[in-house]
Every structure is written in structure tokens, then in C-alpha cells.
Amino acid sequence: MNQILELREKRAKAWDAAKGFLESKRGENGLMPAEDAAIYDRMEADVVALGKEVDRLERQAALDRELEKPASERITNKPSPGGEEENPGRSAAAAYKRAFWNALRGKLVPDVQNAAARNRH
């Protein structure tokens with residue numbers, strides 16, 4: 001950003017110098033000799049070139065700021081303690097867990113398979 005400010009100041013000084021040169025070289029008829037006009041044209045071209053460089057650096061800085069942003073936002077919400085209809089993936093896992101422990105306790109084994117099948121979908 002410091003470089004952009006320096007170039008802006010340099011452009012402003014160059015433009016003031018070009019305007020001063022133009023005013024000092026105008027004759028009584030308001031026109032400038034051809035050789036002085038060529039010098040002024042070069043001074044003006046330098047001012048335009050500095051302006052283009054400032055624009056280029058500003059676009060580069062804007063792109064850098066854009067690319068420095070995170071690619072995705074952090075997950076900040078907390079899981080809700082809702083029922084099966086609110087969070088089916090979580091409830092299927094809970095059903096599988098219940099069926100698994102019931103199967104270990106000697107209860108119905110098909111519940112584990114059914115809960116596992118629901119959890120895969």
C-alpha cells in the first residue's frame with residue numbers, strides 16, 4: 001500500500017510539473033512551439049503511465065485481499081438435541097448404537113442390521 005501512495009504522490013507532482021511547463025511555454029497567441037509540445041506530450045504520457053501502474057497495484061492488492069479470505073466459513077452452530085425428524089443421520093447412528101448394545105445383551109440381532117442399513121443411506 002505504501003508503494004501505491006508513493007506512486008500517487010509522484011503522479012501528482014508530475015502532473016503539476018506538466019501543467020506548469022505548459023503554462024510557461026505558451027506564447028502570446030496561447031499556442032506552444034512544436035518542440036515544447038513534444039516535451040509536454042512525454043510528460044503527460046508519464047502521468048498516464050503512473051496512473052495505470054497505480055490502478056494495476058490497486059487491483060493486485062484487491063485480489064490479494066480476496067485470495068487471503070478463508071475458502072469456507074467455520075461451522076459455528078451447535079448440534080441441536082432434536083428428534084429423528086430434525087437430524088436423521090444422528091438419530092440413525094443413535095438407533096444403531098442402541099441396537100448394537102441390545103444385541104450384546106442378548107436381545108434382538110436384526111435391529112442392528114436394520115439400524116446399520118438405515119445409517120448407510
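At 49% relative accessibility, Asp-16 counts as partly exposed. This residue offers a convenient point of entry into the structure, which is a predicted model. Asp-16 forms a salt bridge with Lys-19, and the closest N and O atoms of the pair are 3.9 Å apart. A salt bridge is counted here when a side-chain nitrogen of Lys or Arg lies within 4 Å of a carboxyl oxygen of Asp or Glu, so the pair qualifies. Lys-19, like its partner, is partly exposed, with a relative accessible area of 38%. The two residues are three places apart in helix 1, and about one helical turn therefore separates them. An α-helix has 3.6 residues a turn, so residues three or four places apart point the same way.

From this local pair, the view can be widened to the whole chain. The protein contains four helices and zero strands, and along the sequence its pattern reads α-α-α-α. Of its 121 residues, 16% are buried. The accessible surface comes to about 10,000 Å², and carbon and sulfur atoms account for 53% of that area. Among contacts with a separation of 6 or more, 46% join residues that are 24 or more positions apart.

Helix 1 and helix 2 deserve attention next. Helix 1 covers residues 2–25, and helix 2 covers residues 34–68. For the 24 residues of helix 1, a rise of 1.5 Å a residue gives an expected span of 34 Å, and the end C-alpha atoms are 35 Å apart, which agrees. The 35 residues of helix 2 should span 51 Å on the same basis, and its end C-alpha atoms are indeed 51 Å apart.

Which residues of helix 1 are buried? They are Ile-4, Leu-7, Ala-18, Phe-21 and Leu-22, and the buried residues of this helix pack against helix 2. In helix 2, the buried residues are Asp-36, Tyr-40, Val-47, Leu-50, Gly-51, Val-54 and Leu-57. The buried residues of helix 2, in turn, pack against helix 1.

The packing of these helices includes a nonpolar core. In soluble globular proteins, nonpolar side chains tend to be buried together. The largest nonpolar core in this model has five residues, namely Ile-4, Leu-7, Leu-50, Val-54 and Leu-57. Helix 1 and helix 2 each supply at least two residues of this core, and helix 2 gives the most, with three residues. Val-54 illustrates the arrangement: when residues up to four places away in sequence are not counted, Val-54 touches Ile-4, Leu-7 and Arg-8.

Arg-8 also leads to a second link between the helices. The side chains of Arg-8 and Glu-58 meet in a salt bridge, with an N to O distance of 2.0 Å. Because Arg-8 lies in helix 1 and Glu-58 in helix 2, the pair ties together parts that are 50 residues apart in sequence. Are these two residues buried, or are they exposed to some degree? Arg-8 is partly exposed, at a relative accessible area of 36%, and Glu-58 is also partly exposed, at 28%.

Glu-58 has a further partner in helix 1. Leaving aside neighbours within four places in sequence, Glu-58 is in contact with Ile-4 and Arg-8. Glu-58 and Ile-4 are 54 residues apart in sequence, yet their C-alpha atoms are 7.4 Å apart in space. Ile-4 belongs to the five-residue core, whereas Arg-8 is the salt-bridge partner of Glu-58.

The structure holds five salt bridges in total. Besides the two already described, one of them joins the side chains of Glu-66 and Lys-69, at 3.5 Å from N to O. Glu-66 is partly exposed, with a relative accessibility of 46%.

The account closes with a feature of the surface. Tyr-96, Phe-100, Trp-101 and Leu-104 form a nonpolar patch there, with about 390 Å² of accessible area together. Trp-101 is found in helix 3, which covers residues 88–104. Trp-101 counts as partly exposed because its relative accessibility is 42%, a value between the limits of 20% for buried and 50% for exposed residues. Nonpolar residues thus appear in two settings in this model: in the core shared by helix 1 and helix 2, and in the surface patch that includes Trp-101.

Terms used:
Residues are numbered from 1 along each chain as its sequence is written. This is a predicted model: local features need pLDDT of at least 70, side-chain atom pairs count only at pLDDT 80 or more; totals for chains, interfaces and linings use all residues. Side-chain values use heavy atoms; hydrogens and water are left out. Patches are made of residues with over 30% relative accessible area and no salt bridge: like charges are joined within 9 Å, nonpolar side chains (Val, Leu, Ile, Met, Phe, Trp, Tyr) within 5 Å. Accessible areas come from the Shrake-Rupley method with a 1.4 Å probe; for residues, only the protein chains shown count as cover. Buried means under 20% relative accessible area, exposed over 50%, partly exposed in between (1.4 Å probe, protein chains only). Contact means heavy atoms within 4.5 Å. A nonpolar core is a set of buried Ala, Val, Leu, Ile, Met, Phe, Trp, Tyr and Cys residues joined through side-chain atoms within 4.5 Å. The expected span of a helix is 1.5 Å times one less than its number of residues.
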